[in-house]
Amino acid sequence: EGGWYAMLSLPDVLGEEEWALKFLQDADVYVHPGYFFDVEGGTFIIVSLLLQTEQFQDGIQRILNLIKIELSNH
C-alpha cells in the first residue's frame, strides 16, 4: 500500500523524535520523524495527506500551536 505524504521542516530546538513524541503526547497528532523516511540534513516530520480536509487542517493547526509554544520556551 502506498500513500501521500508531506515533509515539514521544523525548528531545530528539538530533535525529530522529540517533536514527534511531543505532537503525539501534547497535541494528539501522530506524525513520523523524518529519519523514518531516510531524510537527512535537518529536522523534519512526515504527515499523511490521506485525511479528510477538516482532520488535516485541525492536525496542522495543533502542530503549529505546539511549535509556537515550544519556540516561546526556548
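## Two helices and the loops around them

Start with Thr43, found in the loop between strand E2 (32-33) and E3. This is a predicted model, so everything here is read off computed coordinates. At 10% relative accessibility, Thr43 counts as buried because the cut-off for that is under 20%. Setting aside neighbours within four places in sequence, Thr43 is in contact with Leu8, Ser9, Leu10, Pro11, Asp12, Leu14, Gly15, Glu16 and Trp19. Glu16 and Trp19 also turn up among the buried residues of H1.

Pro33 sits in strand E2. Pro33 is buried too, with a relative accessible area of 6%. Not counting residues up to four places away in sequence, Pro33 touches Glu16, Glu17, Ala20, Phe44 and Ile46. As for Phe44, its C-alpha lies 6.3 Å from that of Pro33, though the two residues are 11 apart along the chain.

Two loop residues round out this part of the picture. Asp28 is in the loop between H1 and E2, and Asp38 is in the loop between E2 and E3. Each has a positive phi without being a glycine: about 55 degrees for Asp28, about 60 degrees for Asp38. Asp28 takes up that phi just after H1. Asp28 is exposed, and Asp38 counts as exposed as well.

Here are the four loop and strand residues side by side.

| Residue | Location | Relative accessible area |
|---|---|---|
| Thr43 | loop between E2 and E3 | 10%, buried |
| Pro33 | strand E2 | 6%, buried |
| Asp28 | loop between H1 and E2 | 60%, exposed |
| Asp38 | loop between E2 and E3 | 66%, exposed |

Now for the helices. H1 has 12 residues and reaches 16 Å from its first C-alpha to its last, close to the 16 Å expected at 1.5 Å a residue. Its buried residues are Glu16, Trp19, Ala20, Phe23 and Ala27. Looking down the axis of H1, these fall within an arc of 100 degrees, so they line one face of the helix. The cover over them includes E2, E3 and H2.

H2 follows a similar plot. At 1.5 Å a residue its 20 residues should span 28 Å, and the end C-alpha atoms are 29 Å apart, which agrees. Gly59, Ile63, Leu66, Ile67 and Glu70 are the buried ones. Down the axis of H2, the buried residues fall within an arc of 105 degrees, so they too line one face. An α-helix has 3.6 residues a turn, so residues three or four places apart point the same way. On the face of H2 turned away from the buried side are the exposed residues Thr53, Glu54, Gln57, Lys68 and Ser72. H1 and strand E3 (44-48) are among the elements covering the buried residues of H2.

How do the two helices meet? The axes of H1 (residues 16-27) and H2 (residues 53-72) come within 10 Å and cross at roughly 110 degrees. That makes H1 roughly perpendicular to H2. From H1, the contact draws on Trp19, Lys22, Phe23, Asp26 and Ala27, and from H2 on Arg62, Ile63, Leu66, Ile67 and Glu70. By type, the residues of this contact split into 6 nonpolar, no polar and 4 charged. Trp19, Phe23 and Ala27 are contact residues that are also buried in H1. On the H2 side, Ile63, Leu66, Ile67 and Glu70 belong to the contact and are buried in H2.

Notes:
Residues numbered from 1 in each chain as written. Predicted model: local features only at pLDDT ≥ 70, side-chain atom pairs only at ≥ 80, totals over all residues. Heavy atoms only, no water. Axes fitted to C-alpha atoms, helices over the stretch in contact; angles between N-to-C directions. Helix = DSSP H or I, 4+ residues; strand = E, 2+ residues; numbered from the N terminus. Parallel < 35°, antiparallel > 145°, perpendicular 65-115°, else oblique. Contact = heavy atoms within 4.5 Å. Nonpolar A, V, L, I, M, F, W, Y, C, P; charged D, E, K, R; others polar. Expected span 1.5 Å × (residues − 1). Buried < 20%, exposed > 50% of the residue type's maximum accessible area, 1.4 Å probe, protein only. Arc of directions from axis to C-beta.
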